[in-house]
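This report considers a ligand site, the domains around it and one sheet. The sequence and the structure are shown first.

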Amino acid sequence: MTPRSRGTLSRVPPLNLGNQQPRTPLDVDQAWRTTAPRAAETVLFFDFDGTLAPVGDDPTAVRPAPKVLEAIEALAPAVRRIAIVSARPVEFLRDHFGGLTGVDLYGLYGLEHSHSGGETVTEPAALPWVPTMAELADLARTELPPGALVEYKRLSVALHYRTAPQLAGAVEEWGRAQAERLGLRMQAGRMVLELKPPVDQDKGLVIGEVIRDAGAAWYFGDDVSDIKAFAALRARAAADPAFYGVCVAVANPETGEEVASAADLTIDSPAALGDFLTQAAHHLR
Ligand SMILES: O=P(O)(O)OC[C@H]1O[C@H](O[C@H]2O[C@H](CO)[C@@H](O)[C@H](O)[C@H]2O)[C@H](O)[C@@H](O)[C@@H]1O
């Protein structure tokens, strides 16, 4: 954990919420002790890349960090739900978490979801965009310079430049032109630009819906798209003082400060998160 998280769990001001009262700072052990009596009404949310799994050059090769799967398996029976909320497709997430019970999967920023191993449900408003995305992926492979990596995800296309950072400008220019031509939305990420359908769904909306009747929630994320999820927890806490929300950032050199400054607590890495969750399971038993 970073020094920021060692002593106190400092609450940052709410994001764009105006009148939320600051809470008394709590340390991490106290935060779990506050969660424990309401564990049965607690939801634990996790982003995937950069949070549960370390970032690497090849998006198809990443795996959850050590201890993460075991810790999630131990936590699942203790809380109401565990949810993975990711920009990855549900089928990708299922390959890693499908064997775990009590885990819900939200893919493509919530355009797809699957509950407890059930079938994958796709947001109907997004379905007409499948052919457009397939054509866009083909065009990207043809037109982007060598070194850019095109990841086709059925309802979105991610344009990666991690192994060729000098292409960031060219990728962004090309992506912006395509978004304007096709009426798509853009989502920036860690060395990636994503194009997705103009459908109102994001991590914040997913979290807002799932926690409507929850008593507590923790969200763990590393990227700018996760800040909307933090804001959803803060909005819920502002509307209901009995609700207990904790926003946790996983540090990285790319979006680190922006995400960390929106969080209550920063953890050093996905590997450190594995240890942190293992400890959490002891608190919630
Ligand atoms: O919402 P997430 O689960 O965090 O997904 C965000 C993006 O993650 C993946 O890209 C990132 O991880 C790759 C593998 O480590 C890395 O090569 C890339 O630079 C990162 O941006 C995924 O491939 C994307 O589709 C997601 O949008």
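The shell around the ligand takes at least three residues from each of domain 1 (38-122 + 201-284) and domain 2 (125-196), with bounds that come from an automatic or database domain assignment. The model is a predicted one, in which local features need pLDDT of at least 70, side-chain atom pairs count only at pLDDT 80 or more, and totals for chains, interfaces and linings use all residues. Residue numbers start from 1 along each chain as its sequence is written.

In total, 23 residues surround the ligand, the closest being F48, D49, P59, S86 and A87; a residue is near a molecule if its C-beta atom, placed from the backbone, lies within 6 Å of it. Two or more residues of this shell come from each of β7 (157-160) and β9 (192-196). Helices (H or I, at least four residues) and strands (E, at least two) are DSSP runs numbered from the N terminus.

The centres of domain 1 and domain 2, taken over C-alpha atoms, are separated by 25 Å. Across the boundary, 16 residues of domain 1 are in contact with 17 residues of domain 2, contact being C-beta atoms, placed from the backbone, within 7 Å. The table gives the class composition of the ligand shell and of the side of domain 1 that touches domain 2. Ala, Val, Leu, Ile, Met, Phe, Trp, Tyr, Cys and Pro count as nonpolar, Asp, Glu, Lys and Arg as charged, and the others, Gly among them, as polar.

| Set | Nonpolar | Polar | Charged |
|---|---|---|---|
| Shell around the ligand | eight residues | six residues | nine residues |
| Side of domain 1 touching domain 2 | eight residues | five residues | three residues |

The strands β6-β7-β9-β8, in that order, form an open antiparallel sheet; two strands pair if DSSP finds at least two bridges between them. Because β6 (149-152) and β8 (185-189) are edge strands with a single partner each, one side of each has no neighbour in the sheet. From one strand to the next, the twist averages 20°. Four bridges join β7 and β9 in the antiparallel sense, and A158 stands opposite E194 in β9.

Helix α5 (residues 130-143) packs on the sheet, where α5 touches β6, β7 and β9 and makes about 165° with the direction of β6. Helix α6 (residues 168-182) lies across β7, β8 and β9, at about 10° to β9. Axes are lines fitted to C-alpha atoms, for helices over the stretch in contact, and angles run from 0 to 180 degrees between N-to-C directions.

How values were computed. Contact = placed C-beta atoms within 7 Å.
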